[in-house]
Amino acid sequence: FSPSSSSSTLHHPFPSEATSSSTTQLNAIISNDNIRPGRLIEYTPSKSTSPVLASVVEPDGKKNWKIVTSSGRTTSIHPRTIQHILPRGGVATEKDGVTAVQKHEAAATDALKEDKDNDGTDVVELWEMLIEDSEDTIELETLAELLRGDSSSLSCYATRHILLYGVESVCFKPSAKVENAFETRNEEVVGALRAKAKVEMEALQWWDALKERIASLSFVLEEEEEDVQKS
């Protein structure tokens, strides 16, 4: 497995069904004691299913926290909206928080691109190795070390994105018992999820092709109508 660099803006994909279904369990194991100024967290805004990376700025009232995103926008959130707290890293000021969020988003974007380019091979090899060693629950920092070459905050965030949203996201799932850890799925489950994903992809491709044919037909009919009017 090889480490990588980061240099672009994150276009966050929608979480997979497996990821979103485990949100409640993930929230249940996040300790409020770990939420403090300078920490990087992922939270889910209201009326959204896609998590957003932010830096914690300061307490806001008795329960809420003021956070800042990559755009520099600040908002107040309740701890129950937090899905993930990065295991490493931390910043001193709000400005530093914006920069840190931007760098982590860029690292995740680059990691997903590389994962797509190699068709998820690194994740599959890692999964096969851990399955063979009977490793069920593995800390995110260990996975980052194995997959990206180091366990820095950037690598941990990039690794998490690859495992959740990458080509072979069926191989691992967030642990419902241990914070900042993943569990390997067994071969039977992975096979079933791959088969389901293939069927869904084929259906999507069929639907896209149908829409293209309809659009093409509409264009031809419009041209014929114009010709009739001119004549």
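This report describes the nonpolar cores and the paired strands of a predicted model.

## Basis of the description

Residues are numbered from 1 along each chain as its sequence is written, and side-chain values use heavy atoms, with hydrogens and water left out. As the model is predicted, local features need pLDDT of at least 70 and side-chain atom pairs count only at pLDDT 80 or more, while totals for chains, interfaces and linings use all residues.

## Nonpolar cores

The largest nonpolar core (buried Ala, Val, Leu, Ile, Met, Phe, Trp, Tyr and Cys residues joined through side-chain atoms within 4.5 Å; buried is under 20% relative accessible area with a 1.4 Å probe, protein chains only) has 22 residues. Those with the most contacts inside this core are Val123, Leu143, Leu163, Cys171, Phe172 and Phe182. Two or more residues each come from helices H3 (94-117), H4 (121-132), H5 (140-148) and H6 (153-165); helices are DSSP runs of H or I, at least four residues, numbered from the N terminus. H6 gives the largest share, 6 residues.

Beyond its neighbours within four places in sequence, Leu163 is in contact (heavy atoms within 4.5 Å) with Val123, Leu143, Leu147, Ser169, Phe172 and Phe182. Another core, of 10 residues, lies apart from the largest one and includes Ile35, Ile41, Val56 and Ile77.

## Paired strands

Strands (DSSP runs of E, at least two residues) pair if DSSP finds at least two bridges between them. S1 (residues 40-43) and S2 (residues 52-60) run antiparallel, joined by 4 bridges. S2 also pairs with S3 (residues 64-68) in the antiparallel sense, over 5 bridges.

Ser55 in S2 is the bridge partner of Leu40, and Ser55 also stands opposite Val68 in S3. The hairpin of S2 and S3 has 3 residues between the strands, and Gly61 in the turn has a positive phi of about 85 degrees.

Key: Buried means under 20% relative accessible area, exposed over 50%, partly exposed in between (1.4 Å probe, protein chains only).
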